[in-house]
Amino acid sequence: MPADPKTPRAAALPARPLLLALPFISMLLLLYVYSTSTASPPSAAAATVAIASAGVPLTPSPPSPHIRMRRARFRSYDDYLRHQLNKTLDPRLRRVWATRDWRRKVDAFARAFARLRREGLLANASRALCVGARLGQEVAALRQVGVADAVGIDLAPAPPLVVRGDFHAQPFPDATFDFEFSNVFDHALYPDRFAAEIERTLRPGGVAVLHVAVHRRGDKYSANDLLDVQGLVGLFRGCDVVRVSKVDAFGLDTEVILRKKRSAAHHP
C-alpha cells in the first residue's frame, strides 16, 4: 500500500517561523524578568525587616589608610539598609535596569566573563555567585556564556535570577561557589566582613573577581571610598592575587582577580 503523502507533510515542522519567533520569545523572557522584578516590589521598610531578622553580627572594621568610610551618615545598621534599598527599589531605576540598560550591560558582562573563561578562571561547570546583583544582569550574562549554575544576591530579590541576601552575611554554606563576581564593594559598610563572606563561601581554589573604582568618590549610596587597591587586596588574607588591571566597567576602573588558597582558613 503506498504511504499516505499527507503524513510526512503533517509531521514536518517549518523552521522559518520558529526562527522568526525567536526575537519574540526573547522579548517575552525579558518582560518576565522585568515584571517579576518590578511589580509590587517590597517596601524599603519591609525589606529591611526581612534582612535584619537574619541577624548580622557586625563589629566596626579596623581603620585603614586605604579606605575612607562614610559611617557618620548612618544612625544604625537598619538605617544603612534602608538607605541602600532606596536605590535598589527605586521604580525609575528598576525600569532603566530592566529595559534600556539590560541588553547593553548583559552583553558587556558576557564579554568580560567569556575572557575569564578563555583564561581558565571560569568554566561552564562553575557554580557562580554575583554579589550585589540588583536585577541580575551579571547572572544573565554568566548563563549566556554557558555558566548555567549562576545566581545573584541583593537586599531585594529579583526572581528568577537574584535571591534575597546581605553581602555582609551571605545566605550560603561555606565553600559553596567556584566563582564570585561583584562590582559593589563601595556599598559595603563593613569592608572586612564583605571580603570575609566572599572568602568563606568560595571553595578552595575558587576565583573572586571584583570591579572597583580607585581614587574616585562614589555616589551618594556608597558607604566607602577606596583610596588604594591595597586596601581591597589586604582584606582577602586567604587569597592570592592573580591580577590587578585597568578596566572600563560602567564607571569602575580596576579589576582585581583573586584565588582562594587551597589551605586557607576562614577569617571572620
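How many disulfides does a search of the whole structure find? The search finds 0 disulfides. Keep in mind, as you look through these views, that the model is predicted.

**View 1. Two cysteines, Cys130 and Cys239, are both tucked out of reach of the probe's easy access.** Let us start with Cys130, which has a relative accessibility of 0%. Buried means under 20%, so Cys130 counts as buried. Cys239 has a relative accessibility of 8%, and therefore Cys239 counts as buried too.

**View 2. Thr88 sits in helix α4.** This helix covers residues 77-88, so take a moment to find Thr88 there.

Key
Residues numbered from 1 in each chain as written. Predicted model: local features only at pLDDT ≥ 70, side-chain atom pairs only at ≥ 80, totals over all residues. Heavy atoms only, no water. Helix = DSSP H or I, 4+ residues; strand = E, 2+ residues; numbered from the N terminus. Disulfide = S-S within 2.5 Å. Buried < 20%, exposed > 50% of the residue type's maximum accessible area, 1.4 Å probe, protein only.
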